[in-house]
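Student: I should like to learn how a protein model of this kind is read. Might we begin from a single residue and work outward?

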Amino acid sequence: MSKAQRTLRVPVATGVQLHVVEAGDGAPLLLLHGFPDNGDLWQPLVPALAAAHRLWMPDLRGYRHSDKPAAVADYAIERLLSDVRALADAITQDAYGRLALAGHDWGGMLAWAFAATHPERVERLVIFNAPHPCRFAELLATDAAQAEASSYVRRLVEPGAEQMLAADSHARLRALMQHSLPDLPRDELDALATGWAMPGALDAMLKYYRAIDLANAHAVPSLAGASGRIEAPTLVLWGERDGAFVHANLDGLERWVPHLEVQRFADAGHWLLREQPA
């Protein structure tokens, strides 16, 4: 983190505060990471974005420096979206303020859901390798390839999963990142592992999966009654070597996202923004 960046503690719920790194100055842009990352995921993009935007890069609840509520219910989609709303209120300094929103993986799922449930708040939406919840739900129910790609979630919700992931200095999580990102610098991998090792972090990270039901035919995550329609201009950036989400997640998105642009990257995978930050 450069000297020009600063850290904040932002209250999002009673007794829950999130650690946020802020950079740049200009129009507000909120950046949401996924599993098993933290807010530092976005650091490769800061030089390109900070000149025009005030960037907020939070650790989501349960991750690294942010608070880690104990109950599975504390990680239900409604609680997570409430966090996004509180962050949006704080970065715009207005309960009705508009902002640009970007997300990857779980953060992308939250960005989709927030844009659907709070269309008046989102000026622009950018999604990195995260399926629209309604399309994802369709594929989980009908597409064998996506069901197989999502089968790892069953292992993440089993009792003792956090101990399994923590074993041998987080060997399985390290292997996941190294397999997907063979050029990931050792110091960045070590920094990720430091976050995983914080008391309660792995357990909290897995509660995101324990709080949803991937066998449910409804939208995943729940859109709380919203249709899934996204009014904001939306850019989807997709690394096609993604082992978690099949290409069919991009098919038919215009049903929900009328102002859509999709850019595919055949030579990148799930962590496009780490592989090709330019």
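Student: Which residues does leucine 110 touch, leaving aside those up to four places away in sequence?

Tutor: In this predicted model, leucine 110 touches Leu32, Leu60, Ile77, Leu80, Leu81 and Val84.

Student: Which residues have the most contacts inside the largest nonpolar core?

Tutor: They are Phe35, Leu110, Leu125 and Trp196, in a core of 86 residues. Helix 3, residues 106-117, gives the most to this core, with 9 residues.

Student: Which strands does helix 3 lie across?

Tutor: Helix 3 lies across strand 3 (27-32), strand 5 (99-104), strand 6 (122-128) and strand 7 (234-241). Its direction is at about 145 degrees to strand 5.

Student: How should I read the sheet itself?

Tutor: In general, strands of a sheet pair through backbone hydrogen bonds, either parallel or antiparallel. Here an open sheet of 8 strands follows the order 1-2-4-3-5-6-7-8, and its pairing is mixed. At the edges are strand 1 (6-13) and strand 8 (260-269), each pairing on one side only. From one strand to the next, the twist averages 20 degrees.

Student: How many bridges join strand 2 to strand 4?

Tutor: There are 4 bridges between strand 2 (residues 16-23) and strand 4 (residues 53-58), and the two run antiparallel. Valine 20, for example, has proline 58 in strand 4 as its bridge partner.

Student: What does the radius of gyration say about the whole chain?

Tutor: A compact globule of 278 residues would have a radius of gyration near 19 Å, and the protein chain has 17 Å, which agrees. Of these residues, 53% count as buried.

Terms used: Residues numbered from 1 in each chain as written. Predicted model: local features only at pLDDT ≥ 70, side-chain atom pairs only at ≥ 80, totals over all residues. Heavy atoms only, no water. Core = buried A, V, L, I, M, F, W, Y, C linked by side-chain atoms within 4.5 Å. Buried < 20%, exposed > 50% of the residue type's maximum accessible area, 1.4 Å probe, protein only. Contact = heavy atoms within 4.5 Å. Pairing = 2+ DSSP bridges. Axes fitted to C-alpha atoms, helices over the stretch in contact; angles between N-to-C directions. Rg over C-alpha atoms; globule rule 2.2 N^0.38 Å.
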